[in-house]
Amino acid sequence: TEGDMRAARSALGKANGFDSQCARVALVAARVAFAEKRYKEVQRQLIKARDLDSELAQETLDLFQVSADELNDPASYVSYLRACLEKAPVLAVVEQLAADIEQKEGPDAANEFVLEQLLRNPSLGGFVTLLNRLDQGDQPLQPDQLVLVRRFSQSLLHRQPDYRCKNCGFSGKTLMWQCPSCRSWGTIKPIIQANREEA
């Protein structure tokens with residue numbers, strides 16, 4: 001109702017006055033603007049939220065995409081994704097850009113893009129994404145695809161910690177006698193494979 005919207009705008013004004021650099025305030029402002037069908041304002045607030053806290057970028061994607069659809073401007077969403085990729089190369093951004101590239105340039109270009117991005121920021125989720133993309137057909141993986149999988153898995157393995165503190169969970173690549181996080185002595189141990197898979 002209009003009363004609810006008025007109350008929401010009032011609360012947002014107070015929150016913004018208290019902390020104008022709060023990304024969460026911008027996210028809520030975007031939702032209020034969406035309820036009022038002010039889609040350009042939605043996009044402006046989502047860009048602000050992302051710029052204030054890049055770690056929240058993936059929280060902005062769905063609302064930005066719907067707003068772009070409502071404005072009949074899908075190109076604005078692709079531009080937004082590319083800007084997000086520079087500030088916060090999270091897997092959701094990579095996947096959505098890959099879908100756009102696949103539609104325009106084909107699956108090979110999309111797979112190459114995914115691999116390039118995931119080699120920069122290896123993650124287990126990214127590895128699964130890459131395997132799913134390569135395994136879309138009924139044919140077994142080709143030798144060049146296996147090379148890509150090997151490159152990525154080696155990159156992912158290189159990023160994994162080799163040691164973890166049994167007390168606080170601090171992890172790293174070097175065996176230390178005293179944990180730099182919790183200051184306990186003798187609690188940093190090698191990560192054996194079973195523990196690595198649980199982590």
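The legends below describe close-up views of a predicted model.

**View 1. The three-stranded open sheet.** Three strands lie in the order S2-S1-S3 and form an open sheet in which the pairing is antiparallel. Strand S2 (171-172) and strand S3 (188-190) stand at the edges, and because each has a single partner strand, one side of each is left without a neighbour in the sheet.

**View 2. Pairing between S1 and S2.** Strand S1, which comprises residues 163-165, pairs with S2 in the antiparallel sense over two bridges. Within this pairing, Arg164 has Ser171 of S2 as its bridge partner.

**View 3. Helix H5 and its surroundings.** Helix H5 runs over residues 74-87, and its 14 residues should span 20 Å at 1.5 Å a residue, which agrees with the 20 Å that separates its end C-alpha atoms. The buried residues of this helix are Ser76, Tyr77, Val78, Tyr80, Leu81, Cys84 and Leu85. An α-helix has 3.6 residues a turn, so residues three or four places apart point the same way. The cover over the buried residues of H5 includes helix H3 (39-52) and helix H4 (61-70), together with helix H6 (91-105) and helix H7 (107-120).

**View 4. A nonpolar patch on the surface.** Leu175, Trp177 and Trp185 make a nonpolar surface patch of about 430 Å². Of these residues, Leu175 is placed in the loop between S2 and S3. Leu175 counts as partly exposed because its relative accessibility is 38%, a value to be read against the limits of under 20% for buried and over 50% for exposed.

Key
Residues numbered from 1 in each chain as written. Predicted model: local features only at pLDDT ≥ 70, side-chain atom pairs only at ≥ 80, totals over all residues. Heavy atoms only, no water. Pairing = 2+ DSSP bridges. Helix = DSSP H or I, 4+ residues; strand = E, 2+ residues; numbered from the N terminus. Expected span 1.5 Å × (residues − 1). Buried < 20%, exposed > 50% of the residue type's maximum accessible area, 1.4 Å probe, protein only. Contact = heavy atoms within 4.5 Å. Patch = residues over 30% accessible without salt bridge, like charges linked within 9 Å, V, L, I, M, F, W, Y side chains within 5 Å. Areas by Shrake-Rupley, 256 points an atom, 1.4 Å probe, with all protein chains shown as cover. Salt bridge = Lys/Arg side-chain N within 4 Å of Asp/Glu carboxyl O.
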